[in-house]
Structures are given as structure tokens and as C-alpha cells.
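This report covers the overall make-up of one protein model and then its salt bridges.

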Amino acid sequence: MEENNTHTNPAEESQKEIVKRDLKGTFNSLKQFLKDLLDIRTDTDRDSTIEAVKKDITFKGHNAWILIFSIFVASIGLNVSSTAVVIGAMLISPLMGPIVGMGLSVAINDVDMLRRSLINLGVMVVLSVLTAFLYFLISPLNGSNAELEARTYPTILDVLVAIFGGLALIVAKTKKGTIASVIFGVAIATALMPPLCTVGYGLAQGSWSDAGGALYLFSINATFIALSTFVVSKLLGFPLVKYANSKRRRFIAQMASAIAIIVMVPSIYLFYNMLKESYFKQDAQEFVEEELMIYKESFLQKNSTIATFDGGNDPKIEVSFLGKEIPNSVISLWREKMKRYPNLKNTSLIILQNENTESYDQLEYMKEFKRRDSLNILNKDERIAYLEDEVSKLARFSKNEIPFQQISKEAQLNYEDIRAFGYAQKIISDFNKVDTIPEFNVVWNDSITKEKRNKDEVKLKRWLQFKLSLDTISMQSSIEKVSPKKSAKAKS
């Protein structure tokens, strides 16, 4: 029996050890590089940061007047839709102090700082809204514009800007020698002032929806800035405020934890809902581009798509078409295809067209606009021909158009059992459109058999359609009993 002994070459072992040692050294060097690059603990001045934040909380004297003037500047910028003026107002506004104070006070269990922050935040909001309200109340320019409308409802982008802006703000404040340019940049990016100005605008105009939406946007920004401050302060190990009474210390710690949870849980839920709305709008745009825009028989109006999430309770996609009427089978197919998109499964699809479709009344003006607009671009001869055709269409089924006397005499000659013959225009509606149909009323002698009457009615209807070049007519028939005197008179 032979034994297989594997012998390792000493040179190979030495080579492997060298490679392992080099890799380990590279990894350690990279780890140290990243630590030096991203570590902010060594350059953090905790005590100075706390003092600076406390100093910026109070709104009185100079800060109050600076706030009032900056609100006036921002309101003017929003009123004339000037982005540059709004940015300038945000640079001089002292809005961040109480919000950062809220986050830091909860992180270090400082209940006095929290109380001051909440009071000054309330003063700041009331003063800002009142100033903007007075401006828009006396301003001669009352119309809305893109700058104002952009501040009436928060989106997922506003939340993300508030989170990362808040993180940048507190990191800049904690550095030895505060980075002022970062603080100014965060003031612009998070845009706390324009929503407060928009609240004042909404109140001045009596628009509660605009005022509520703008206040909601401000609340979102303020909440996530405070939350970012809280998280960074905890990670950097800011010292907790010490209380002589151990029972009071525990109470303050519990209260701070409860406030943190109260702020964080709704914020996470809100972020989740906004994320869902963002996904919904992305799928809605993709669905419209891939399924609806490729339809060639009708024209999808530009910027007509309205995707309404409504908290996920009743999401809708509403689009407007011009041109030929889209068949119901095509609309049904679109609704089936929409279910394939993961974020559109319970979404309603509303198609607005120029006639005979859902929500027709909302787009009745489009038909009239198209007719007038197309008429204006025609030349003189084409206009005359167009108008003559329109007049002929309107008078096509009128009483003067149909030679009623001649038709009734021919009907009497061809069908001897007819006692009376009538004609009228019948207006019908299926609740989507109104239509006019010519209706003929035939009265037969009671002597005619049922079989012969049915046969003659079919022939009479076909003859009338051919004679009058009509695709659709309505016919009503009845039987009149002939009295003996009339019968005798008829025979004589």
C-alpha cells in the first residue's frame, strides 16, 4: 500500500504569506484613510456648539426685525416670481435657531432648552405668517404663480432635502470654527421661509387649501431638520444635562425619549407614504408614455395628465384626448394593462375626450374650440363650403327637407292597409350623448293580418331608408278599428 505524501514548497508558502501580509496592510491603510476622511468626532467642539445653538434660539430685538424684513423680501420675490429675490431673503433669515434647538435639546435631555425652542418657534411662525399676510393683503399683485404654487404641497424631494440639509447643518455647527457658508446653503436648500410666506398668501386670499398645504410643507422641513439634529447629536456623544435630583433626571430622560419617538414614528410613516406617492407618479408617467401616447387614432394633449394619489385611498390617472373617439374596447384594454404596473393596481383610469365619453361635459368646450379654430385657418372659398355643409347637416332631417306629402301618398298607394301616416324628429339620450332620429308613425286597418302587417312594416322601413338615404329610422305602428259606417262608405 502506497502513501501519497503532499509536500508544500517552502518558496510557495513564503510567497502566500507575503501576499496575505500585503493585502492586510492595504486593507488597514484603506481603513485608516476612510477613518481620517469621515471621522468628525476629533474636530467637534461640543460645548461651543451647545452654547451657539442656545444663543440662536431666542427671537427678539435684532433677530425679530431681521426676520420681519426677510419675510417682506421673500414675499415680494414670491409675488413677482423672482427666484433670485427669494434666495436673497433666505440668506438673511434667522429661521434655523429654534428648530435646531428642538433637536439638540431632546438629544441632551435639556428640558429648559426644549421649552425655549418651542416658544420661539411659535413666535417665529406667527410673526412670519402675520408679516406675509399683511403684505399680500395690501399688495396690488394678487395672482398666483409658479413660485407660490410650488410651496403648497410637500413631495418626497422636500423630505430628502430636509433630511440631508439638516444633517449638513448640524455637522457644520459642531465643527470648531463653524462653517458659515454651509449654514447659508442649508437655509436656501431647505427653503423654510417661502412656505411661511405662502401661508400668509393663502390666508390673505382666503384659500385655506394653499395655506394648509404650505404650513404642512414647513412642518415637514422643520421636523426632519430637528430629527437630523437629534440623530447627529446622539452619534457624536453630546453630553447629557445633569440634574441634582435623580428622579428628575430619569423623568427628563423618559420625556426626551418619548418626544423623540413621537417625532420619529410619524416622520417615518410620512416618509413611507411620500415614497409610495413618488413610486405611483413614476409608474403613472411610464404607463402614459408606454401605453397611451402610442395610440395614433387620437391625440393625447400635452401636459394634460393628472395623477392623483390621494393617500392611496382612491388613486386616479386622468388624461385628455382630442381627435377620434376612442372605442370602449381600447379603454378597457388600457385598464387591464395598467394592472401590470405594481404601483397602479388599484388606480382608476379616466379618459376625457371631445365627445361621447366619460366626463364629456367637462370637455364640451374643446369641440367648440376646435371648430372655431379650424374655421379661422380656412380660406374664403373653403369657409363657404364648410358653412354650407354645416347648414345642410343641421337641416338634413328637418320637416322642410323631407318631402312628407309625396312620401305619404306613395306609402298609401303601395300599402292599401295604411290608415294614417305620421313623421316627427325624436330626441334620445344614453346619458353620454344626445342624438336626433327621424321617427315614422304608421296606423294600420284592423282588417290586416298580423303576418302581413309585420311583412309590410319591414318592407316600408327599408323603402323609407332607401328613399330618404337614412341609415337609422324609428318606426311605431298601431291598429285602428274601422266603424261599420266608415267601412260602408269606403266600399261605396
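## Fold content and salt bridges

The protein contains 18 helices and seven strands, taken as DSSP runs numbered from the N terminus (helices: H or I, at least four residues; strands: E, at least two). This is a predicted model, in which local features need pLDDT of at least 70 and side-chain atom pairs count only at pLDDT 80 or more, while totals for chains, interfaces and linings use all residues. Residues are numbered from 1 along each chain as its sequence is written, and side-chain values use heavy atoms, with hydrogens and water left out.

Of the 492 residues, 37% are buried (under 20% relative accessible area; exposed is over 50%, partly exposed in between; 1.4 Å probe, protein chains only).

The count of salt bridges is nine, each being a side-chain nitrogen of Lys or Arg within 4 Å of a carboxyl oxygen of Asp or Glu. Three of the pairs are tabulated.

| Acid | Base | N to O distance |
|---|---|---|
| Glu-277 | Lys-281 | 3.7 Å |
| Asp-314 | Lys-316 | 3.7 Å |
| Glu-457 | Arg-453 | 3.5 Å |

Glu-277 and Lys-281 are four residues apart in helix α12 (residues 246-292), about one helical turn. Glu-277 is buried at 13% relative accessible area, whereas Lys-281 is partly exposed at 40%. Asp-314 is partly exposed at 34%, and Lys-316 is also partly exposed, at 32%.

Helix α17 (residues 450-468) holds both Glu-457 and Arg-453, again four residues apart, about one turn; both are buried. A network of salt bridges links Asp-417, Lys-452 and Asp-456.
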